[in-house]
Amino acid sequence: MLILLKGGRLIDPVNQRDEIADLWIENGRIISPPPGRIPDQAHDLAGKIVMAGAIDIHSHIAGGNVNTARLLLPEMHRAMREAELPFSTAKWSTFETGNIYAQMGFTTVIEPAVAPDHALQAHLELADIPIIDKAALIVLGNDDFLLSLLRDGESRSAVADYVAATLTTANGLGVKCINAGGAAAFKYNARTFELDDVVPHYGVSSRQIVQALQQAVEDLKIPHPLCLHTNNLGIPGNVTTALATIEAARGKPLHLAHLQFYSYGDEGDHGMSSAAAALAEAVNKAPNVTVDVGQVMFKQTVTISSDVLRQFNGASSAKPRKSVIFDGDANGGGIVPYLYQENSFINAVQWACGLELFMLIEDPWRLFFTTDHPNGAPFTTYPDIFALLMSRDARAQAMSRLPEDAVAMTTLNSITREYDLNEIAIMTRAAPARLLNLKDRGHLGVGAVADVAVYSPDKDISKMFRFAHLVFKDGDLVVRDGRVTHYRFGKALTVRPGFDKAIEQRLARYFDHHFGVTDNLFAVPSHLLPHDEPFQEVACQ
Amino acid sequence: MVEARIDGKPAGIDAAVKRAAEILGAARFPVIAGLGTDVAGARASIALAERLRGAYDHLGSKRIFADLDVLRQAGQFLTTPNEARLHADVLLFVGRDLTRVWPKLLERLAPAEKPELALEPTARKIIWIDAGAVPAELNGLPLVTLDAPDLRSALALVRARVAGKPVAASGEETKKFDEIAKILNEAKFGAAIWGGETIDQLAIEMLYGLLADLNKTTRFSGFPVGAGDNSAGVVLTSGWMTGFPIRTGFGRGYPEHDPWRFDAIRLIESGETDAALWVSSYSQSTPQWEKDIPLVALVAPKTKFGREPQVVIEVGCPGVDHDGAEFARDTGSIIARAASNSSGAPLASAIIARIAEQIDGAV
């Protein structure tokens, strides 16, 4: 099938294009204009905006903790509308997730916190998300095996082999570390855990764990740098932890997830202020660091985190008042429903912190667009956040509804920057593709995967991004006028770093001795997933 | 040779699938019950229920909702058997039939071994509330038992003494509760294991309250032994497909969850449902309803019915006849279970998919 997208405004920062031009698609790829050929399908896109499909690097869309949240909160997601496609209106289902992402022009989404022992469930869930491609980051850093390697002073290569073997079994795209050592320490009744605190029984500090994993990711040449959720998330004054963590990276690649949640000072009458400006400055000066924001929006949501220590401490603020605290084999996690309110001082500061980070971090190639779905806000709020980024007036209007003393604890009022569509395209397309080494995504050049989103410009920016005019996935037209027309099922992206297979025997002995089970139990066999060839490998660098 | 019957007479599988599709396709509001099947079988069943605008339920619903209702009304502290085995210095068992529900429970927890990851590994202390006959594996271990004809009040009394509150009990009884409360309060990382027929929702909620209280000063978590027939795996699958657990219906074209309305037995006895698909591939369980309605049964070989269903197709057992993804109590997660004795017996998921294809074809 030869497809012509005629006369749209192509916004393609990778290829430095922002111009009115035609785009040709054949066999799922973008091709050079084929002289003399008649397209099988042509779309007149005069006045429309054409971008590559968007890539979300951090959204909790699958896995044990997400599913527990679904079961914890049946009242939060009652369906109301008859389905046109199977389960398409079943709120918060995997199917609805794929539908909504596709409607917004997103074609690849990364689930950033899959426990190795829940990898099969996570991949079963990911496989039931239609249309988009997806991937899992695998959580390490509170697991007994790793902590024991570090305690025993084992070699760098032993750590790398273990990380690679675990990633391979779990079919992950990268490594996530969540409050390194904090969940393990919580099992010994620690109630706080700092960067230089030591996990009892192992004598290993959080800093050592982070640095060891960072090194392993680098040694294995995994494209996505270690994705780190720092200590002390959500606590006033935690900016010092974030700044110390950036220092601790020692100039090596590090991705800080949902930075907004560590951007708090402890000044003012409420003991809570924005320190986003200082943190943004530190990020600007650290070219080895990439970040995503984790923007807060004022809505009912549920926080889903493998930082079980943080979630336990936050459970007293649950709304509705119930929570699940899970001491898992390594991280576990906590599910705590939460209501972000405009009239809450703390929530208003959090909201402003996120926007300050968006505005004050200068390099859109190192700054990623997230809400840490659903922790800061559900991903369905993305269009509203694009509007806030692109319009100073929209921000001023939103700020006018917030407590004045909260706004005064931030610098947001003084910021005039407005994102343009090129910056949006970098942040949501080009930069994520580069971060993940997805050379054929995030741009519209010849040879790229034909994941294409077409938008109708509108004064209402959120409307423009909520309902794409057209979306192509692998060259297949799946969204028309903001509605999904049919399902197709994408791949889960994985890396397969090489490693010394001797670690596999060692892991088998470990599982047998410690758990009395075979480690094969945690395998993710393709034939048990519902679609053929469920995985697609991404090259290590 | 695949065993199938139509109206009690041996039939080919194609004919049986065709007849099943006719019965279910013609129904006004069919229910899929039993659901003793792996993740693929649950997935196919829930998709068929949506297609037919019917409802679905699991044969272990009563036990499932005892735990799930507490979780979604109050919350829960949960851990895994691995963590209990490696960390727990105190094991708190609640319920007399835990090892009947899960025969490998004590083997899995290895209570006689010291918890390897404890800071100072010492012999575990074990409390068993409503123990019944104490399993032989615990002979010689530091064990305190408490008879509890009424689990709710026993747990309430223990909880009160853990919090240092007075209780209305005899001196001797109070001494016993205090002995237990002391062990619980002094635990470094305790694990409660509960379940079976004698513990109901209110008792589980009281246990949750006890865990919440204990976690104010120390660490205590736990896990239920749950129900069989991959009930937990089916609930999880239902969770991601529809947002809701079992007892969900699609009469309005979108999922609605109501544990009373979509109770399969109630739906059938009340006449709201006019045909049923029964799936039981792990055990020879049969429907527990009385009413005679058109029934298609996908069941383990040699299942005996009080009343012959219209269509019977024998299916394989996941993890035995074929590979399957299912919830494993051993790990507290969905795992890949390889066939232990691979056979050509059909997969429930494949038969359900064929029935669905026939129905789609007829539309």
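Where is B:Lys104 found? Select this residue to begin: B:Lys104 sits in the loop between α5 (98-101) and α6 (105-109) of chain B. Helices here are DSSP runs of H or I with at least four residues, strands are runs of E with at least two, and both are numbered from the N terminus.

Before moving on, note that this is a predicted model, in which local features need pLDDT of at least 70, side-chain atom pairs count only at pLDDT 80 or more, and totals for chains, interfaces and linings use all residues. Residues are numbered from 1 along each chain as its sequence is written, while chains are lettered from A and ligands numbered from 1 in the order in which they are written.

**The loop residue**

B:Lys104 counts as exposed because it has 12 C-beta neighbours inside 10 Å. The cut-offs are 20 or more other C-beta atoms within 10 Å of a residue's own for buried, 12 or fewer for exposed, and partly exposed in between, with C-beta atoms placed from the backbone. Now add B:Leu267 to the selection: it is 163 residues from B:Lys104 in sequence and 35 Å away in space, C-alpha to C-alpha.

**Chain B as a whole**

Show chain B as a cartoon. It has 12 helices and 17 strands. Its radius of gyration, taken over C-alpha atoms, is 23 Å. The globule rule (2.2 Å times the number of residues to the power 0.38) gives 21 Å for 363 residues, so chain B is as compact as a globular protein of that length. Along the principal axes, the C-alpha atoms of chain B fill a box of roughly 70 × 40 × 35 Å. Of the 363 residues in chain B, 56% are buried.

Next, colour residues 4-60 + 229-362 of chain B as domain 1 and 66-224 as domain 2; these bounds come from an automatic or database domain assignment. The C-alpha centres of the two domains lie 35 Å apart. Five residues from domain 1 and seven residues from domain 2 take part in the contact between them, where two residues are in contact if their C-beta atoms, placed from the backbone, lie within 7 Å.

**Where chain B meets chain A**

Bring chain A into view. The contact takes 49 residues from chain B and 51 residues from chain A. Elements of chain B that each supply at least two residues to its side include α2 (39-52), α3 (61-73) and β5 (75-79).

Keep β5(B) selected and add strand β18 (residues 323-327) of chain A. These strands run parallel and are joined by five bridges; A:Ser323 has B:Gly75 as its bridge partner in β5(B). Strands count as paired if DSSP finds at least two bridges between them. Extend the selection to the open sheet of four strands, in the order β17(A)-β19(A)-β18(A)-β5(B), with mixed pairing. β17 (300-305) of chain A and β5 of chain B stand at the edges with a single partner strand each, so one side of each has no neighbour in the sheet.

**A helix in chain A**

Finally, select helix α8 (residues 239-248) of chain A. Its buried residues include A:Val239, A:Thr241 and A:Ile246. The buried residues of α8(A) pack against elements of chain A including α7 (206-219) and α9 (276-285). After α8(A) comes A:Arg250, with a positive phi near 50 degrees.
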